[in-house]
Amino acid sequence: MDELFKEKVLVWISRKHIFTKKYVFVPILHWRHWNLLIFCNFDKPLQSKTQTTCMLLLDSMQMSGPRRLEPTIRKFLLDVYEAEKRPVTKQAISKIPLLIPKVPQQRNGEDCGRFVLYFISLFMESAPKNFSTTGGYPYFMKEDWFAPQDFDCFCKRFKLCSK
């Protein structure tokens, strides 16, 4: 999100060929709060009839208003398309759904980064082979996706506990 690093980040991203991946995880740090953006099905044409190309924004502190990031996310995505020299219009980018599922919320002001790591871990374990938003979010993305004690065990296992 910092213009100072934009060019370096876009070069790095273009080397990763993200448009060949079914899922791409993009941790976002903004205003000292971590969110997780997941690009889904960007390996398919934007107007695919078989799979939904979309973005999921997971926020462990939704009271912070995750929709505020939408213009920046769409600008970032347009920049990525341009860096990879892929033809796309702003209008096409604006039609890609940005979905913000209700996910478990952090209990303090310090766990957002840990939640992002846990979201990535759980998504990788549970993501369906053929992701689609037809009929709502995938079965696993709900407010009760995991219990607080599951998150605590994850943090202990990887020594991510607060001091």
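## Exercises on a predicted model

Apart from its neighbours within four places in sequence, Val24 is in contact (heavy atoms within 4.5 Å) with Ile18, Leu37, Ile38 and Phe39. The structure is a predicted model, in which local features need pLDDT of at least 70 and side-chain atom pairs count only at pLDDT 80 or more, while totals for chains, interfaces and linings use all residues. Residues are numbered from 1 along each chain as its sequence is written, and side-chain values use heavy atoms, with hydrogens and water left out.

**Exercise 1.** Determine where Val24 is placed and whether Val24 counts as buried or exposed.

*Solution.* Start with the element: Val24 belongs to strand β1, which covers residues 23–30, where strands (E, at least two residues) and helices (H or I, at least four) are DSSP runs numbered from the N terminus. Next comes the accessibility, for which buried means under 20% relative accessible area, exposed over 50% and partly exposed in between, with a 1.4 Å probe and protein chains only. Val24 has 12% relative accessibility and therefore counts as buried. Finally, Val24 and Asn41 are separated by 17 residues in sequence, and their C-alpha atoms are 8.8 Å apart in space.

**Exercise 2.** Describe the surroundings of Val88, beginning with its place in the chain.

*Solution.* Val88 sits in the loop between α2 (70–83) and α3 (90–94). With a relative accessible area of 22%, Val88 is partly exposed. Once its neighbours within four places in sequence are left aside, the contacts of Val88 are Leu46, Leu78, Tyr81 and Ile93. For Val88 and Phe25, which are 63 residues apart in sequence, the C-alpha to C-alpha distance is 21 Å.

**Exercise 3.** How many aromatic pairs does a search of the whole structure find, and which parts does the pair of Tyr118 and Phe154 tie together?

*Solution.* The rule is that rings of Phe, Tyr and Trp (its six-membered ring) pair if their centres lie within 6.5 Å, with planes under 30 degrees apart counted as stacked, over 60 as edge-to-face and the rest as tilted. The search finds 16 aromatic pairs. One of them joins Tyr118 and Phe154, a tilted pair with 4.6 Å from centre to centre and 40° between the planes. Because Tyr118 lies in helix α4 (residues 112–126) and Phe154 in helix α5 (residues 148–157), this pair ties together parts that are 36 residues apart in sequence. Tyr118 is buried at 7% relative accessibility, and Phe154 is buried with a relative accessible area of 9%.

A further pair is that of Phe119 and Phe146, which is tilted because the ring centres are 6.2 Å apart and the planes stand at 55°. Phe119 lies in helix α4 and Phe146 in the loop between α4 and α5, so here the parts tied together are 27 residues apart in sequence. Phe119 counts as buried at 1% relative accessibility, as does Phe146 at 8%. These four residues belong to one aromatic cluster, whose members are Phe115, Tyr118, Phe119, Trp145, Phe146, Phe151, Phe154 and Phe158.

**Exercise 4.** Place these details within the whole protein chain, starting from its helices and strands.

*Solution.* The protein chain has five helices and four strands, which run α-β-β-β-α-α-β-α-α from the N terminus on. The C-alpha trace spans about 45 × 40 × 25 Å along its principal axes. Of the 163 residues, 42% count as buried. Among contacts with a separation of 6 or more, 63% are between residues 24 or more positions apart.
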